[in-house]
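Reader: I'm new to reading protein structures, and I learn best by looking hard at one piece. Could you pick a single strand, take me through it closely, and then show me how the surroundings can be read in the same way?

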Amino acid sequence: MGLLEGRNLTKYFGALAAVNSVDFSVEKGEILGMIGPNGAGKSTLFNVIMGVYKPDRGEVVLKGKTVSGLKPHKICRMGIAKTSQIVQPFAQMSVLENVLVGGLYGRNLSFTNATREAEEILELVDLGGLKEMASGSITVPHRRRLELARAIATGADIILLDENMAGLNPTEIEEVLKLLRKIRNQGKTLIVVEHIMRVVMGISDRIIVLNYGEKIAEGTPSEVANDEKVIQAYLGEKVCFV
Amino acid sequence: MVVILITVGLLIVPFGGFSEYFIRLLAMIFLWIGKTGCWNILSGFTGYIDFGAVGYYGVGSYVTALLMSKGHAPFLLSILVSGLVSALIALPVGLPTLRLRGAYFGIATLAFAEGMKQIILEFDKTAGVNFFEGPHGITLPIGPKNEFFYYIGFGIMIIVIGIAYWIRRSKFGYALRAIHEAEHAAELSGVDTLRTKVKAYMISAFFLGLIGGVEAYWLTYITPHMVFDLLITIQMVVMSLLGGIGTVFGPVVGASFLTIVYELLHRDFPYTYTIIVGFIIVVVVLLMPKGIMGTLQTKRVIQKTRPVQ
């Protein structure tokens, strides 16, 4: 049994099944990639896992316990954190304070402990020098690292990264990848949604491909890349005009 | 240090042989600081603009008025019950309304305050009893002198500011500020956002009820139109904005400033003072959009963070 499992997850928006009977499972310490064309249901699936949406069918099981139906803050305290596609720093609060909120509430730490942890985490993500800055005034690449730092600070075992690298240049991406590997080596489990193929292919141990809310393929990066259905989903069907 | 000096100074003012008017004015300022401070605890810290704050003030006024005039209860007990009743009403009101965002929350709370007023206005006629006395209002026993309310007001003000000061530095305050900045992200970081907001709302309602009770006793006569007056809420909003919304001492500065300006102008320009006050508010808001305290704070922050870049 995996650390986190989705069983037959289904979420409708009206008549549209944004996520349709998706099963998945992640092991501890794994990096699971999740890809699929726009509107495939990746972000919705994340939101279902996180408790933002309640699944219409199926359940999310964390460490053997069903967590679907709980509110996001409860799920966060049980060990899942998520970084958002659109960065949402607590803009008027300093970088350190942003991370502090994660420790104070995600792990229920005292101020002294949360501050110490937050400072360590900021060193880890290389934001130590900016800790006094208002988080609204730092650059987008830094904000993305901050989101990651806040997620780590909640003490979550599993971190969901929703396009954490969107808008970064290749050098910055390389740095984030290094960072993600470092975090994984500390025993965290990562689920990564990303549009940049090179990123997902390079970092994931295993990849799940979604299309129109359904899981169409699963396997190692090379298996997935050569899968007929996946190629179809991305490039369209092969049509013979002769 | 300055704060302690001012506090001690204010404590001995009633013995300084000042005029009755001056004592009354200061007591009024204290109570406005209290009300604005209450409003600031929810709306200032979380950004949920409460347009129904006067509802809790009015409920508090009525509870004290009823307890003292019909139940012959002592004053301190009455205002305490006022606070508790207000806080208890805030729970069922807050649970659904604090799920709303922005203007929808404002409208819902406005409707709540207006609804409370109508209930008290029409209850007796509808139920065929003589309880709230409808629009005729309730007369309370004649209270002690202004000095008494001076000290009560002073005490409440200190408590409200103290609570705001404590919240600002506490774990709870971090949650409120996180909600203000990015509520969804706060929830994802483990903050029970609804519970946090309801808690702040109930604290705010408790002290508004308390202050309502005090003012009812001071005025000795209340009607629904007086104590559920929308202008009271608006004044709390304006004072918070002037002083600096979401800051600990903003309400102190805003409420003192506006009350004094009102008094000074009211004396010299009895017919046109509202126009002048309006003008002053516009100028202050244009020049200092974050309020007086907010502007000072921002200056400090800018100076502090400059060397890093």
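Author: Two strands count as paired if DSSP finds at least two bridges between them. Keep that cut-off in mind, and remember throughout that this is a predicted model.

Our strand is S3 of chain A, residues 31–35. Its link to strand S9 (residues 206–211) of chain A consists of 4 bridges, with the two strands running parallel. Since at least two bridges are needed, S3(A) and S9(A) therefore count as a pair. To find a spot on this link, look for Met34(A), which stands opposite Ile208(A) in S9(A). S3(A) is also joined to strand S8 (residues 189–193) of chain A, again by 4 bridges and again in parallel. Here Ile31(A) is the residue to find, as it stands opposite Leu190(A) in S8(A). What holds such strands together? Strands of a sheet pair through backbone hydrogen bonds, either parallel or antiparallel.

Now look at the side chains. In a regular strand they alternate between the two faces of the sheet. You can follow this along S3(A): Ile31(A), Gly33(A) and Ile35(A) point one way, while Leu32(A) and Met34(A) point the other way. Are these residues buried or exposed? All of them are buried, whichever way they point. To call a residue buried, we ask for 20 or more other C-beta atoms within 10 Å of its own. By that test S3(A) is mostly covered, with 5 of its 5 residues buried.

For a contrast in direction, stay in chain A and find the open sheet of 4 strands in the order S2-S1-S4-S5, where the pairing is antiparallel. Its edge strands are S2 (16–26) and S5 (65–66), each of which pairs on one side only. S5(A) is joined to strand S4 (residues 57–62) of chain A by 2 bridges, and these two run antiparallel. One place to see this is Val61(A), whose bridge partner in S5(A) is Thr66(A).

The same test for burial works on helices, so let's cross to chain B. Helix H2 of chain B covers residues 20–46. From its first C-alpha to its last, this helix of 27 residues reaches 39 Å, close to the 39 Å expected at 1.5 Å a residue. H2(B) also has a kink of about 45°, centred on Asn40(B). Of its 27 residues, 21 are buried, so H2(B) is largely enclosed by the rest of the structure. Just after this helix comes Gly47(B), with a positive phi of about 85°.

Helix H3 of chain B, residues 53–69, can be read alongside it. H3(B) has 17 residues and reaches 25 Å, close to the 24 Å expected. As 16 of those 17 residues are buried, H3(B) too is largely enclosed by the rest of the structure. Zoom in on Gly55(B), which is found in this helix. Gly55(B) is buried because 30 other C-beta atoms lie within 10 Å. Beyond its neighbours within four places in sequence, Gly55(B) is in contact with Phe112(B), Ala113(B), Met116(B) and Phe228(B).

Loops offer something else to spot. Most residues other than glycine have a negative phi. His72(B), in the loop between H3 and helix H4 (75–97) of chain B, has a positive phi near 50°. His72(B) is exposed, with 9 other C-beta atoms within 10 Å. In chain A, Asn108(A) has a positive phi of about 60°, although it is not a glycine. Asn108(A) is placed in the loop between H3 and helix H4 (111–124) of chain A. With 13 other C-beta atoms within 10 Å, Asn108(A) is partly exposed.

Finally, see where the chains meet: the contact takes 27 residues from chain A and 21 residues from chain B. On the chain A side, helix H2 (72–78), strand S6 (80–83) and helix H3 (95–106) each give two or more residues. H3(A) gives the largest share, 7 residues. That side divides into 15 nonpolar, 7 polar and 5 charged residues.

As for confidence, the model scores ipTM 0.89 and pTM 0.91. Chain B has a mean pLDDT of 92, with 97% of its residues at 70 or more.

How values were computed
Residues are numbered from 1 along each chain as its sequence is written. Chains are lettered from A and ligands numbered from 1 in the order in which they are written. This is a predicted model: local features need pLDDT of at least 70, side-chain atom pairs count only at pLDDT 80 or more; totals for chains, interfaces and linings use all residues. Two residues are in contact if their C-beta atoms, placed from the backbone, lie within 7 Å. Ala, Val, Leu, Ile, Met, Phe, Trp, Tyr, Cys and Pro count as nonpolar, Asp, Glu, Lys and Arg as charged, and the others, Gly among them, as polar. The expected span of a helix is 1.5 Å times one less than its number of residues. The bend at a residue is the angle between axes fitted to the seven residues ending there and the seven starting there. A residue is buried if 20 or more other C-beta atoms lie within 10 Å of its own, exposed if 12 or fewer, and partly exposed in between; C-beta atoms are placed from the backbone. pLDDT is the predictor's confidence in each residue, from 0 to 100.
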